[in-house]
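Subject: Structure handover

Hello,

Here is the structure I said I would pass on. Please look it over before reading the notes underneath.

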Amino acid sequence: MSAKLSAAELLDFLLKQSNTLCLLLNDGVITQVYQGYDNVKLVNNQYQLFKELAILDKTLTEVLPKALAKIFAEQLPKLNQRNSYLSFDFSHQGDNKPYYYQTKCYLLNAPSEVLLVVRTVEPHHFIAKSSSNELHQQVFENNQAIKLILDPKTGSIVDANEAAARFYGYSQAQLQTMNIAEINQLSPEQVKKELASAEREDRLYFNFVHQLASGECRDVEVYSGPITLANSTLLYSIIHDVTERKKAERKLLETEKRQRDMLNNTSSLIYYKHLDGRYISVNKAFEQAFGLTEADLLDKTDYDVMPRAAADVCRDADLRALSADAPLENEETVLVNGVEHTYISVKFPLKDADGKNYAICGISTDITERKQAERRIIQQAHYDNLTQLPNRFLALDRLNQLLKDAKRNKDKVAVLFLDLDDFKKVNDTLGHEFGDKLLVEAAARLTKVIRKSDTVGRLGGDEFIILLKGLTSAEHVQPVADNLINEFRRPFVIENRELLLTSSIGIALYPDDASTSSNLLRNADTAMYHAKSIGRNTYAYYTKEMNQDVARRLLIEEQIRNALEKDEFEVYFQPQFSVKNKRLVGAEALLRWHNPSLGNVSPAEFIPVAEQTGLIVPIGRYVIEQSLATLAKWQKLQPDLDISVNVSPRQFRDNGLVNFLAQMIKQNGIDARHLELEITEGVLMTGHKSIEQDLLTIGQMGVKLAMDDFGTGYSSLSYLRKYPFNVLKIDRSFVSNLSADSTDLALIKATVAMADALGVKVIAEGVETQGQFALLHDVGCDYIQGYLFGKPCQEAVFVEQYLTSH
């Protein structure tokens, strides 16, 4: 309501209202009286509160009862330039009944001219209004919340409750003379913008700093929204003192900042993860290590930032820390920007207020340089600086461990003491630098020959030690020794110079020759000198018995070279029968050798020699040629008869094997389906690329393929899937101790079931008893061979015993 509103403008509206009496006061004196319709009745009946009708030129104190005059005296001073309007209610007892009045006061021409509008209202309206006033009293005045009513246009404080007065340190009257800009620490322009925002209801809550009368500043949170009174828009504001909360928040932020600064200024990688492994937060060191920001890592797991194998290790450590419910330390190796880093990581669960795990914390310290230094120290302490081979200390330590393992596993360990022949002359004539290069090349050749599980070490000078573990026989050392000798038969090329250098090797075995590492090494050394004494460029076993074995092997090798030309070989045949009806189905070709000097030599002795010397190729062709010629004759007596021939790994390296087979099949006029080649896992393990193609070609020719010694190798099942086998041959080791409750029977039963599923036949060898036959019959084995039904025999005997009688 404007303070400059004229009486004429106001009365034009007010006099249209019924039951209304208007009084115009000037300096407190009634100068005019305006009445609505039926003014005499109105005054006489409804406005009996006035002492007399002649009220002009009198004050309200003169014309009103004392109690009512006091009400007006208390209310009218509240009118001022800023508060140009007020309203209040009162009641008065008339002649017959009480009357209820609503009074509105307008400041017309400050500060002297005031218009009073008195209007009668019904009792229920008065009661409602009184209740409303009481509610206002409860909500605005009596409530402990700090409340202000503001003019949004000017920022003037229209009203303030007692709580506000107590908070700000001003009286209510003082506050009603102040502007909110005097309290709010924002600039006047900013205060004006915030008032306008509250009036538009752009926001409901504001955060300010208010200054108290004492000069103290307090953080406040203000709810402020528009209300309408007497057609005017005001702001109703509730103020909450949040100083202590803000202090706590700032303290918490400062603490968090200190912690964040501490975390970000450490070289260790610090990170938090959800229980499922998703990252929550990481420090700067983590970001720099992986080249990712914290935002990049949010909700990602280790599997998103590192290879799967490394992520598996990290995740396993997380889960173990959660399971243990305690800090756990472990070593982790991961790729960081393409470089392998090793970290020592401590991981522990984080708990909420209820003691439940809600996250995982990890602290990882990069120990890559330390590990590298440790490895360098270990390398220098345990490895030869020149050849990088284990030195004497490490080699003997490994030997001690091998002896412990051998004792537990009841197998053998071989110690080979190798010395380069006439190496001193190389150093003397060509210099030590040349000799060192020669030693490096020699070490590389030695390492190439042995298995990864074995050890080559340098004892010093030109002496080397080779440790072979897990041996079951002394004969297993011989191929390694041969290969070592052969490696030195190739010339060494150093600085464009070609040099022939031989070696001498002494061999000692645990437990045959000694039970301690020092004794074994000494005995091997003794054997090495013996090898030198018999001509060098060879090897010698320590014991007389083993030397005899070596001598026999050398004798076999000498005699076998001409055995084929001397017609000392003969093919024997062992019959194979159907388990279902005991009918003859075929025979296996087995090579026998009778030498005038050596007598009958076991295949177990001469086949390895033939294999190693390469003589197995012509000998193998001889067996195939003899077998197919025999089969051609036998099929005239029994057309469906098959013959199986063993083929060794060395034979498959013969590029002409497939063509030779085709030629022999055609030459003898037999159906290729009646030829079966028995192949051991050794053939398939050679790694030659041509093996797979050769087997496929042989299968396409119609020749059957049988996997010999099935179940004794490591990869039989994978080979069975890869190559076109028709028959599985169960090794005699599974049959020899066969009984109804044996594990061997269960394995055979599983093999038969698998073969049936694959459409492959099964033959068991080494069947010697009726009990073995009965069990094989019961599990569904297809064919058998063994002494129970027939030993290997010459061709003529085979025809007489198995073909002419049928």
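The notes below go from the whole chain to single regions and then to local backbone features.

Overall

Please keep in mind that this is a predicted model. The protein chain has 806 residues, and 46% of them count as buried. Its secondary structure comprises 30 helices and 31 strands. For contacts between residues at least 6 apart in sequence, 55% join residues at least 24 apart. The exposed surface of the protein chain comes to about 41,800 Å², with 50% of it supplied by carbon and sulfur atoms.

The five-stranded sheet

One region I went through is an open sheet of five strands, ordered S17-S18-S16-S21-S22, with mixed pairing. Strand S17 (455–460) and strand S22 (539–541) are the edge strands; each has a single partner, so one side of each has no neighbour in the sheet. From one strand to the next, the twist averages 20°.

At the S22 end, strand S21 (residues 503–510) runs parallel to S22, and three bridges join the two. Gly506 has Ala540 in S22 as its bridge partner.

Helix H14 (residues 392–409) lies across four strands: strand S16 (412–420), S17, strand S18 (463–471) and S21. The angle between H14 and S18 is about 20°.

Ile485

Ile485 is part of helix H17, which spans residues 477–487. Is Ile485 buried or exposed? Its relative accessibility is 2%, which is under the 20% limit, so Ile485 counts as buried. Leaving aside residues up to four places away in sequence, Ile485 touches Ser503, Ile505, Asn537, Thr538 and Tyr539. Two of these names lead back to the sheet: S21 covers residues 503–510, and S22 covers 539–541. Between Ile485 and Tyr539 there are 7.9 Å from C-alpha to C-alpha, although the two are 54 residues apart in sequence.

Strand S5 and its partners

Strand S5 (residues 113–121) is mostly covered, with eight of its nine residues buried. It pairs antiparallel with strand S1 (residues 20–26) over seven bridges, and Leu25 stands opposite Val114 of S5 in that pairing. Strand S4 (residues 98–109) is also antiparallel to S5, over nine bridges. There, Tyr100 stands opposite Val121 in S5.

Cavities

How many cavities of 30 Å³ or more does a search of the whole structure find? The search gives four. The largest cavity has a volume of about 160 Å³. Its lining consists of 16 residues, and those nearest the centre are Leu150, Ile180, Leu195, Phe208 and Val222. Elements that contribute two or more residues to this lining are strand S6 (146–150), helix H8 (188–200), strand S8 (205–211), strand S9 (217–229) and strand S10 (232–241). H8 provides the largest share, four residues.

Backbone features to check

Most residues other than glycine have a negative phi, and most peptide bonds are trans. Three places in the model are listed here with that in mind.

- Tyr510 and Pro511 are joined by a cis peptide bond, with omega at about 0°. Pro511 sits in the loop between S21 and helix H18 (517–533), while Tyr510 is the last residue in the 503–510 range of S21.
- Asp57 is not a glycine, yet its phi is positive, at about 65°. Its loop connects helix H2 (39–46) and helix H3 (60–63). Asp57 counts as exposed because its relative accessibility, 62%, is over 50%.
- Asp567 likewise has a positive phi, near 60°, in a residue other than glycine. It is found in the loop between helix H19 (544–560) and strand S23 (569–578). With a relative accessible area of 59%, Asp567 is exposed.

To recap the points to look at on screen: the open sheet S17-S18-S16-S21-S22, the contacts of Ile485 with residues including Ser503 and Tyr539, the largest cavity with its 16 lining residues, and the cis bond between Tyr510 and Pro511.

Regards

How values were computed. Residues numbered from 1 in each chain as written. Predicted model: local features only at pLDDT ≥ 70, side-chain atom pairs only at ≥ 80, totals over all residues. Heavy atoms only, no water. Pairing = 2+ DSSP bridges. Axes fitted to C-alpha atoms, helices over the stretch in contact; angles between N-to-C directions. Contact = heavy atoms within 4.5 Å. Buried < 20%, exposed > 50% of the residue type's maximum accessible area, 1.4 Å probe, protein only. Areas by Shrake-Rupley, 256 points an atom, 1.4 Å probe, with all protein chains shown as cover. 1 Å grid on protein atoms, 1.4 Å probe; cavity = no way out; pocket = protein on both sides within 12 Å on 5 of 7 lines; lining within 4 Å. Points joined across faces, edges and corners; volume = space filled by probe spheres on them.
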